[in-house]
Amino acid sequence: IMLEMALRFFGIYKSYNERSGKGEYVSLFKPGSPTPAPYTNISLVQTEFATKWTANNEGLKNKPISIFKKGKRVLILGDSFTEGFGAPNDSAYPRLFEKLVNLEFDSSLEVINGGLSGADLFSEYKLFTQKLLKYNPDYVLLTFNTTDFDEYAIRGGFERFVDSTKLIYRKPPWFEGLYAKSYLVRAIVHKVFGYDFTFLTHKEHEENIVEANKMMEACIDSFALVCSTHNIKLGMIFQPLSFEITDPKKYIVTDLIAHCKESEIPYTDEFPFLIENGIDNTNFSRIYWKLDTHFNSKGYELLAKCAFAFFRDSIWQPANSKSMQVVKN
């Protein structure tokens, strides 16, 4: 009992929900709804921040989207970092990106925030092809971070989609119920038996990375094929997590970047961009929430600037020489 109390007091082995103040342990193995219902009011109260927003007609953190467009459209896909978790609504990186583009060289360009908390490459592909392709984007920016590797370990790839309404994830281990209630059980699971928080051993974790890389490369190829078929320009943005700033060896995106190079898919890596802007392992807390670990407003601002520079230099095609001059300036 004393050991259990000590582990709880020092917060060792807290889950994300418990650490960020959202509540009790929540199983990662329980399939959730892919998007909020249209026009749902979303309220988030965390230890470090609180936000409110209303889902649009597609359940996204974006103004309602019209089939009819006035100018060029950029669709930005990603997970909670793209949605703008942990920042005011106008500080989500797609909104900041849109302001930069509108100000610098195209005041008519519209940006759709297709980010969803908990999304990964496979669910983003389904969202894109089933819900958002009809809005005829001219550009798609696919934002990626390494949470997708852990999510693949739990959810699998495209095989999880039984039909349009049903998902099947990997089954949790038999002891998850005990793990949810007892910090002592968590200590035994992690320290004695060597499982990570997805309940894989080190060897199984390494095997999962290899398999996930292959499946995610195939998913990126599927994105590229759909975009090519519909004359959409695709670009990828790789974005580091806070613990990867402190330990770059954990930033396991090398194979996916190599695949983008081989497949001639434009990409950018935000890690060196952050280093160039003075962020390193001594001051990364300037841009990430300490407990929640998402970006704060400053972090989203830097991500938007990185995405904007990439879009301007590698994706955008200026309509005339005047536009080109604005871009250079």
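**Exercise 1. A loop threonine and a loop glutamate**

Classify threonine 293 as buried, partly exposed or exposed from its relative accessibility, and then find where it lies.

Solution. At a relative accessibility of 27%, threonine 293 counts as partly exposed, since buried means under 20% relative accessible area, exposed means over 50%, and partly exposed lies in between (1.4 Å probe, protein chains only). This is a predicted model, in which local features need pLDDT of at least 70 and side-chain atom pairs count only at pLDDT 80 or more, while totals for chains, interfaces and linings use all residues. Residues are numbered from 1 along each chain as its sequence is written, and side-chain values use heavy atoms, with hydrogens and water left out. Threonine 293 sits in the loop between helix H12 (270-276) and H13, where helices (H or I, at least four residues) and strands (E, at least two) are DSSP runs numbered from the N terminus.

Next, state the sign of phi at threonine 293 and at glutamate 264.

Solution. Most residues other than glycine have a negative phi. Threonine 293, although not a glycine, has a positive phi of about 75°, and glutamate 264, also not a glycine, has a positive phi of about 60°. Glutamate 264 belongs to the loop between helix H11 (254-263) and strand E7 (267-269), and with a relative accessible area of 70% it is exposed.

**Exercise 2. How H4 meets H13**

Describe the packing of helix H4 against helix H13 by angle, handedness and residues.

Solution. Two packed helices are described by the angle between their axes and the distance between the axes. The axes of H4 (residues 93-104) and H13 (residues 297-315) come within 8 Å and cross at roughly 45°; axes are lines fitted to C-alpha atoms, for helices over the stretch in contact, and angles run from 0 to 180 degrees between N-to-C directions. H4 is therefore oblique to H13, because angles under 35 degrees count as roughly parallel, over 145 as roughly antiparallel, 65 to 115 as roughly perpendicular and the rest as oblique. The crossing of H4 and H13 is right-handed, a term used if the near helix is turned clockwise from the far one by less than a right angle, with anticlockwise being left-handed. The residues of H4 that meet H13 include Phe97, Leu100 and Val101, and their partners in H13 include Ala304, Phe308 and Phe311, contact meaning heavy atoms within 4.5 Å. By class, this contact of H4 with H13 has eleven nonpolar, no polar and three charged residues, where Ala, Val, Leu, Ile, Met, Phe, Trp, Tyr, Cys and Pro count as nonpolar, Asp, Glu, Lys and Arg as charged, and the others, Gly among them, as polar.

**Exercise 3. Two further helix pairs**

Work out the orientation of H6 relative to H9 and of H1 relative to H8.

Solution. Helix H6 (residues 147-155) and helix H9 (residues 202-229) pack at an angle of about 100° with their axes 9 Å apart, which means that H6 is roughly perpendicular to H9. The residues in this contact include Phe149 and Tyr152 of H6 and Ile209 and Met216 of H9, and by class the contact of H6 with H9 has seven nonpolar, three polar and three charged residues. The axes of H1 and helix H8 (residues 183-192) come within 8 Å and cross at roughly 85°, so H1 is roughly perpendicular to H8. Leu3, Glu4, Leu7 and Arg8 of H1 make this contact with Tyr183, Leu184 and Ala187 of H8, and its residues divide into five nonpolar, no polar and two charged.

**Exercise 4. Cores and buried residues**

Which residues have the most contacts inside the largest nonpolar core, and what does phenylalanine 311 touch?

Solution. A nonpolar core is a set of buried Ala, Val, Leu, Ile, Met, Phe, Trp, Tyr and Cys residues joined through side-chain atoms within 4.5 Å. The largest has 79 residues, and those with the most contacts inside it are Phe97, Phe128 and Phe311; its largest share, ten residues, comes from H13. Not counting residues up to four places away in sequence, phenylalanine 311 touches Val74, Phe97, Val101, Phe105, Leu109, Tyr139, Leu141 and Trp316. A second, separate core of eight residues includes Tyr169, Phe175, Val189 and Phe199.

Finally, place isoleucine 220 and threonine 268, and list their contacts.

Solution. Isoleucine 220 is in helix H9 and, at 0% relative accessibility, counts as buried; outside four places in sequence it touches Leu121, Leu234, Met236, Leu256 and Ile265. Threonine 268 lies in strand E7 and counts as buried at 16% relative accessibility; with residues up to four places away in sequence not counted, it touches Met236, Ile237, Phe238, Cys306 and Phe310.
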